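User: Please take a close look at one spot in this predicted model, and then work outward from there through whatever it touches. I'd like one connected account, with the confidence of the prediction kept in view.

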Amino acid sequence: AHERVVTLMRNRGAMVSKPSVREAREVFAARRVIEANIVETFIKTATRRDIKRLQDHLAREEEAWRHNDRRAILKLSGEFHLLLAESTDNSILLELLRDLISRSSLIIAVYQAPGASPCPPDAHRELTAALERRERAAIKLMTQHLEHLYTDLMLEDRNETRVDLRSVFGARQ
């Protein structure tokens with residue numbers, strides 16, 4: 001049974017149900033399985049164009065890091081993982097991963113330790129280099145990367161059950 005994720009509240013805007021610790025654990029477990037498969041497929045089937053798209057994307061990520069643009073960093077970080085999935089040409093995997101990444105973004109926004117950062121570009125750079133060389137080591141790099149993201153979270157259950165979207169993603173100017 002799915003519980004409602006977003007609740008609209010009069011004069012308060014959109015509130016989102018806070019993801020549970022269990023959901024965080026399950027989302028990252030699912031991502032490790034799916035993304036290991038995506039990387040394995042990428043190694044076997046990626047074209048030069050797929051690799052170029054990853055490199056171009058990495059440049060945009062590094063630019064966001066240089067400007068310390070947290071919202072752009074979080075968005076581009078998720079998009080890096082989706083770019084990999086797009087190259088596998090499996091629409092079901094892509095749809096599943098898109099859902100898991102949007103859940104991950106919220107989980108990271110809610111549970112990440114102060115000062116920690118999602119997907120540092122060096123992790124994506126190392127992964128991209130291994131993918132360019134078609135190395136199977138890229139599979140392990142991906143699972144370690146996702147494990148690292150997960151272990152950076154502060155997953156003790158807190159009392160609040162709802163999160164103000166504006167405080168998580170920042171009000172748009």
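Analyst: Happy to. Let's start with histidine 81, which sits in helix 3. Its relative accessible area is 1%, well within the under-20% cut-off, so histidine 81 counts as buried. Its side chain has a partner: a polar contact of 2.5 Å joins it to the side chain of glutamate 35.

That partner deserves its own look. Glutamate 35 belongs to helix 1, and with a relative accessible area of 1% it is buried as well. So the 2.5 Å polar contact between the two side chains connects a residue of helix 1 with one of helix 3. Setting aside residues up to four places away in sequence, glutamate 35 touches His81, Leu97, Met142 and Leu146. Besides the histidine, then, its contacts include the leucines Leu97 and Leu146 and the methionine Met142.

From histidine 81 we can also step across to helix 4, where isoleucine 101 is found. Isoleucine 101 is buried, at 6% relative accessible area. Leaving out neighbours within four places in sequence, isoleucine 101 is in contact with His81, and also with Arg31, Gly78 and Leu82. Arg31 is a long way off along the chain: 70 residues separate it from isoleucine 101, yet their C-alpha atoms are 8.2 Å apart.

Helix 4 itself is worth following from end to end. It has 21 residues and spans 30 Å from first C-alpha to last, close to the 30 Å expected at 1.5 Å a residue. At its N-terminal end, asparagine 90 acts as a cap, with a side-chain oxygen 3.1 Å from the backbone nitrogen of isoleucine 92. The buried residues of helix 4 are Leu93, Leu94, Leu97, Leu100, Ile101, Ser104, Ser105, Leu106, Ile107, Ile108, Val110 and Tyr111. When reading such a list, it helps to recall that an α-helix has 3.6 residues a turn, so residues three or four places apart point the same way. Leu97 in this list is also among the contacts of glutamate 35.

The loop leading into helix 4 has a backbone detail of its own. Aspartate 89 lies between helix 3 and helix 4 and has a positive phi, near 60°, although it is not a glycine. Most residues other than glycine have a negative phi. Aspartate 89 is exposed, with a relative accessible area of 71%. Arginine 134, in the loop between helix 5 and helix 6, likewise has a positive phi of about 60°, but at 33% relative accessibility it counts as partly exposed.

Back inside, helix 4 also meets phenylalanine 28. Apart from neighbours within four places in sequence, phenylalanine 28 is in contact with Ser104, Ile107, Ile108, Leu146, Leu149, Tyr150 and Leu153. Leu146 in that list is touched by glutamate 35 too. Which aromatic residue does phenylalanine 28 pair with? The structure holds one aromatic pair. It is formed by phenylalanine 28 and tyrosine 150, whose ring centres lie 5.8 Å apart; with the planes at 50°, the pair is tilted. The two rings bring distant parts of the chain together, since phenylalanine 28 is in helix 1 and tyrosine 150 in helix 6, 122 residues apart. Both residues are buried.

Phenylalanine 28 also leads us to the largest nonpolar core, which has 41 residues; Phe28, Val39, Leu84, Leu127, Leu131 and Leu153 touch the most other members. Helices 1, 2, 3, 4, 5 and 6 each supply at least two residues of this core.

Finally, the setting. The protein has seven helices and three strands, arranged along the sequence as β-β-α-α-α-α-α-α-β-α. Of its 173 residues, 42% are buried. Among contacts with a separation of 6 or more, 78% join residues 24 or more positions apart, and the pairing of phenylalanine 28 with tyrosine 150 is one example at 122 residues.

As for confidence in this predicted model, the mean pLDDT is 85, and 79% of the residues reach 70 or more. Confidence is highest in helix 1, at 97, and lowest in strand 1 (residues 6–9), at a mean of 53. Glutamate 35, where our buried polar contact ends, is in helix 1.

Technical notes:
Residues numbered from 1 in each chain as written. Predicted model: local features only at pLDDT ≥ 70, side-chain atom pairs only at ≥ 80, totals over all residues. Heavy atoms only, no water. Core = buried A, V, L, I, M, F, W, Y, C linked by side-chain atoms within 4.5 Å. Buried < 20%, exposed > 50% of the residue type's maximum accessible area, 1.4 Å probe, protein only. Helix = DSSP H or I, 4+ residues; strand = E, 2+ residues; numbered from the N terminus. Contact = heavy atoms within 4.5 Å. Polar contact = N/O pair within 3.5 Å; in protein donor to acceptor, adjacent residues only side chain to side chain. Expected span 1.5 Å × (residues − 1). Phe/Tyr/Trp six-rings, centres within 6.5 Å; stacked < 30°, edge-to-face > 60°. pLDDT = per-residue confidence, 0-100.
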